[in-house]
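The following explanation leads through one protein structure, taking its helix packing, its sheet and its enclosed and open spaces in turn. The reader is invited to keep the sequence and the coordinates in view throughout.

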Amino acid sequence: MPKRLIDTELWNNEQIVEDFTSDDKYFWLYLLTNPHGSICGVMKYAPAIMGRDMGLHKDTIENLVYRFENNYKLIVVDKETKELLILNWYKWNWSTSEKLLQSVFNSKETIKSEYIKNLVQERIDMVSEKKQEDTVSIGYGYPTISNTNIIDISALSVYSKILEMYKRCGYEKKAKNHKTNTIKKLTTICNNKDKKKRLHPLLVLMAYGVYLAECRDSHKEIEFVKQSDTFLTSMVYDYAEQVEGFEERVVQKYGENWGKYRLVE
């Protein structure tokens, strides 16, 4: 039986103290401690089973899930694959141990939802970055700093952020089924030998942000929104020119040598 760690600071969390109802607190503890979750923080989305475990009606569980996903932003649910991800699970249950990260990676491969799988990979990337290794990682596919001081950035991680942006704006299907092509075009643009045509992955993400915010704010119908791969033509360069604050953000994230990078698949 796996052990679940609960930080006592949970009860000092401002969101929990100020916003959570009694049912919210009970549900949150259930999510963090129930035996159905994986090392990735993913569990089967089954309101009837969850309700039975907690002694609550199925409708109550569905209301709690809606609140935790849309109001508190603590979970993500894919109702097609019936999977639920606790977004901050990695903060309490992972470490930088290579053995543990390998287990996480193996477990990630069993996830059915492509969207949730990408979110888990993104969290693997974040934990890996903390290691500040001097050599390339042993092969989990997350970004590291090599011994030549070149920053390796995961194309899959960049794609997962793109997919998340499309989902937040209500255009998820315009990115969800275009992973392969998007990653291929990302790699071409971000690793272009012609410096005039080469864009940093963070600048590409910010360009997507400008475009999708424009679509959302103008209430553009989904059929007129560009697919994630189609955007990576001349459009990405046009919107990259509209980005503000790139240099400040890229230095903050990657340091002064941010220009020494490569996008890896």
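For the packing of helices, axes are lines fitted to C-alpha atoms over the stretch in contact, and angles run from 0 to 180 degrees between N-to-C directions. The structure under discussion is a predicted model. In this model, α2 packs with helix α3 (residues 47–54) at an angle of about 110 degrees, and the two axes lie 11 Å apart. Because angles of 65 to 115 degrees count as roughly perpendicular, α2 is roughly perpendicular to α3. On the α2 side, the contact is formed by Tyr-26, Phe-27, Tyr-30 and Leu-31, which meet Met-50, Asp-53 and Met-54 in α3. By class, this contact of α2 with α3 comprises six nonpolar residues, one charged residue and no polar residues.

The sheet may be considered next. Strands of a sheet pair through backbone hydrogen bonds, in either a parallel or an antiparallel manner. Here, three strands form an open sheet in the order β1-β3-β2, and the pairing is antiparallel. β1 and β2 (75–78) occupy the edges, each with a single partner strand, so one side of each has no neighbour in the sheet. With direction ignored, neighbouring strands of this sheet are turned against each other by 20 degrees on average. The antiparallel pairing of β1 with strand β3 (residues 83–86) extends over three bridges. Lys-44 stands opposite Glu-83 in β3.

Attention now turns to empty space within the model. Rolling a probe the size of a water molecule over the atoms shows where such space is left. The count comes to one cavity of 30 Å³ or more. The largest cavity has a volume of about 50 Å³. Its lining consists of Arg-4, Leu-31, Leu-32, Thr-33, Asn-34, Gly-37, Gly-41, Val-42, Met-43, Ile-86 and Trp-89. Two elements, α2 (22–33) and β1 (42–44), give two or more residues to this lining. α2 gives the most, with three residues. Leu-31 thus appears both in the lining of the largest cavity and among the α2 residues that meet α3. By class, the lining of the largest cavity has six nonpolar, four polar and one charged residues.

Open spaces remain to be described. The largest pocket holds about 560 Å³ of space. Of the 24 residues that line the largest pocket, Lys-161, Leu-202, Leu-205, Arg-249 and Lys-253 lie nearest its centre. The elements giving two or more residues to this lining are α7 (114–129), β4 (151–154), α8 (155–168), α11 (201–217) and α13 (246–254). Which of them supplies the largest share of the lining of the largest pocket? That share, six residues, comes from α11. The lining of the largest pocket divides into twelve nonpolar, four polar and eight charged residues.

The second largest pocket has a volume of about 310 Å³. Glu-69, Asn-70, Lys-73, Ile-75, Val-76, Leu-87, Tyr-115, Arg-123, Glu-164, Lys-167 and Arg-168 line the second largest pocket. At least two residues of this lining are supplied by each of α4 (58–70), β2, α7 and α8. α8 gives the most to the lining of the second largest pocket, with three residues. By class, the residues of this lining divide into four nonpolar, one polar and six charged. Both α7 and α8 are also among the elements that give two or more residues to the lining of the largest pocket.

Conventions
Residues are numbered from 1 along each chain as its sequence is written. This is a predicted model: local features need pLDDT of at least 70, side-chain atom pairs count only at pLDDT 80 or more; totals for chains, interfaces and linings use all residues. Side-chain values use heavy atoms; hydrogens and water are left out. On a 1 Å grid over the protein atoms alone, a cavity is a set of points where a 1.4 Å probe fits but cannot get out, and a pocket is an open set with protein on both sides within 12 Å along at least five of seven lines; lining residues have an atom within 4 Å of a point. Grid points are joined across faces, edges and corners, and a volume is the space filled by probe spheres set on the points. Helices (H or I, at least four residues) and strands (E, at least two) are DSSP runs, numbered from the N terminus. Ala, Val, Leu, Ile, Met, Phe, Trp, Tyr, Cys and Pro count as nonpolar, Asp, Glu, Lys and Arg as charged, and the others, Gly among them, as polar. Angles under 35 degrees count as roughly parallel, over 145 as roughly antiparallel, 65 to 115 as roughly perpendicular and the rest as oblique. Contact means heavy atoms within 4.5 Å. Two strands pair if DSSP finds at least two bridges between them.
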